Amino acid sequence: MTTTFDEIVAIEEETELRAYAKMPIAPVRGRGAVIVDEQGEEYLDFYGGHAVALVGHCHPRVVAAIRAQAEALLFYSNVARSRVRALASRRLLAHAPRPGSKVFYCNSGAEANETALKIARRATGREKVVSFAGSFHGRTIGALSATGIPRYRDGVRPLLSGHVHVPFGDEAALAAAVGADTAAVLIEPIQSIGGVRAAPPAFYRAAESICRERGALLIFDEVQTGLGRTGAFFFGDHADIGVRPHMITLAKGLASGVPIGAVIVAPEVAETVRVGDQGSTFGGGPLAMAAMDATLATIEEEGLVGRAAAMGARLAAGAARVPGVREVRGRGLLLGLVLDRPAAEVAAALLARRVIAGTSGPPDVLRLLPPLAIGEAEVDRFLAALEEVLRA
Ligand code: PMP
């Protein structure tokens, strides 16, 4: 018995909390930057399933690793040793900014940020957390307390005490906010939902030295910017940034769609964590670890960090020439196109042309988060569709 698209919509409306504004498609298959819906229509995915399809949808290497692990052992607790986790962790930490870093696994970006903030409070014995207006860190109460976008925070107060927000990119405000009582400064290096906004490069270095001077820990939320997305493996690796945060939080594409969150912790901070301080039933489970290892191997062997830089440059330069695009923001393949009209209308018109793009908080910013493995032909197809829509 088949279920029609309209029936799927009706059942979802009847059964699910109305938490999402939904796109009128039901993808059933994917490969690379293309997804196929219930009706067999193909879409070019420049939204990447919300930045999760980092190495592309259903990369054969990742699918094979998941299948093999599922047949061998779906799950066992973190209290047992695991070869797949050991080898996957070594592969991830080879990219860590500081030698001797350690990792903790959980299941989402929000949890990764919660974990990092808990580690910072315990490690420093301090309470205050400084984060930035316009940032997004997740929807659990702790992550929300750090999030700097009012509409996610309104209606659920009181949030956690000890959190303050300063304007993003404002060195003086940051210096004034960070004191001897500050556990951590949490930065989303490019504020993605906030409209793909970056700070001037000197700001990140200033944040690092302010944290060093005052004994606060610097945390980068790289849930969106990490793993090559911006054209460097981590944001701090960019030549013009050159920052090594104490902790980096990851999620989204790290296991290509198997739920995962991770916190990379610098050695001197890692030393402060004791048995029993942190825990997660599913975090670091074998299925997620097999998927992570295959995802990272794919990023490395297919040279996807360099590809994100090259394809991002082509996409940004092409988009800047399209009439109706006022400004191109971001780095690599995390781009925001500031348009002369509402981005939601443009996203809908692109969808009608079988191209998927994202929106963001500011209504005029179209957000692009395609797989890092896109090719020139796909970039050019996206640009042609965008031009068609904006000329109409
Ligand atoms: N941090 C950032 C920068 C994010 O973009 C997101 C999710 N959009 C999160 C944290 C929260 O991740 P999750 O939805 O997996 O909890």
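Over how many bridges do β13 and strand β14 pair in the antiparallel sense? In this predicted model, β13 and β14 (residues 334-339) are joined by six bridges. Within this pairing, Arg331 faces Leu334 of β14, which gives a handy place to begin looking at the strands.

The two strands belong to an open sheet of three, arranged in the order β13-β14-β16 with antiparallel pairing. The edges are taken by β13 (325-331) and β16 (365-368); each has a single partner strand, so one side of each has no neighbour in the sheet. From one strand to the next, the twist averages 20°.

A second open sheet is built from seven strands, and its order reads β4-β12-β11-β10-β7-β5-β6. Here the pairing is mixed. At the edges stand β4 (102-106) and β6, and because each of them has a single partner strand, one side of each is left without a neighbour in the sheet. Neighbouring strands in this seven-stranded sheet are turned against each other by 20° on average, with direction ignored. Inside the sheet, strand β10 (residues 217-221) and strand β11 (residues 247-250) run parallel and are joined by three bridges. A useful landmark for the eye is Ile219, which stands opposite Met247 in β11.

Attention can now turn to the ligand. Which residues come nearest to it, of the 14 around the ligand? They are Gly109, Ala110, Asp221, Gln224 and Lys252. Gly109 places a backbone N or O atom 2.8 Å from an oxygen atom of the ligand. For Asp221, a polar side-chain atom lies 2.8 Å from a ligand nitrogen atom, and in the side chain of Lys252 an N or O atom is 2.9 Å from a nitrogen atom of the ligand. Taken alone, the ligand exposes 400 Å², and the protein buries 82% of that area. Helix α5 (residues 109-124) supplies the largest share of the surrounding shell, namely three residues. Sorted by character, the shell holds four nonpolar, seven polar and three charged residues.

Aromatic side chains complete the picture. The model contains ten aromatic pairs. One of them joins Phe168 and Phe203 in an edge-to-face arrangement, with 5.9 Å from centre to centre and 80° between the planes. This pair links distant parts of the chain, as its members are 35 residues apart. Phe168 sits in the loop between β6 (163-166) and α8 (171-177), whereas Phe203 is found in helix α9 (residues 201-214).

Conventions: Residues are numbered from 1 along each chain as its sequence is written. This is a predicted model: local features need pLDDT of at least 70, side-chain atom pairs count only at pLDDT 80 or more; totals for chains, interfaces and linings use all residues. Side-chain values use heavy atoms; hydrogens and water are left out. A residue is near a molecule or strand if one of its heavy atoms lies within 4 Å of it. A polar contact is a pair of N or O atoms within 3.5 Å; within protein, one must be able to donate a hydrogen and the other to accept it, and residues adjacent in sequence count only if both atoms are side-chain atoms. Accessible areas come from the Shrake-Rupley method with a 1.4 Å probe; for residues, only the protein chains shown count as cover. Helices (H or I, at least four residues) and strands (E, at least two) are DSSP runs, numbered from the N terminus. Ala, Val, Leu, Ile, Met, Phe, Trp, Tyr, Cys and Pro count as nonpolar, Asp, Glu, Lys and Arg as charged, and the others, Gly among them, as polar. Two strands pair if DSSP finds at least two bridges between them. Axes are lines fitted to C-alpha atoms, for helices over the stretch in contact, and angles run from 0 to 180 degrees between N-to-C directions. Rings of Phe, Tyr and Trp (its six-membered ring) pair if their centres lie within 6.5 Å; planes under 30 degrees apart count as stacked, over 60 as edge-to-face and the rest as tilted.
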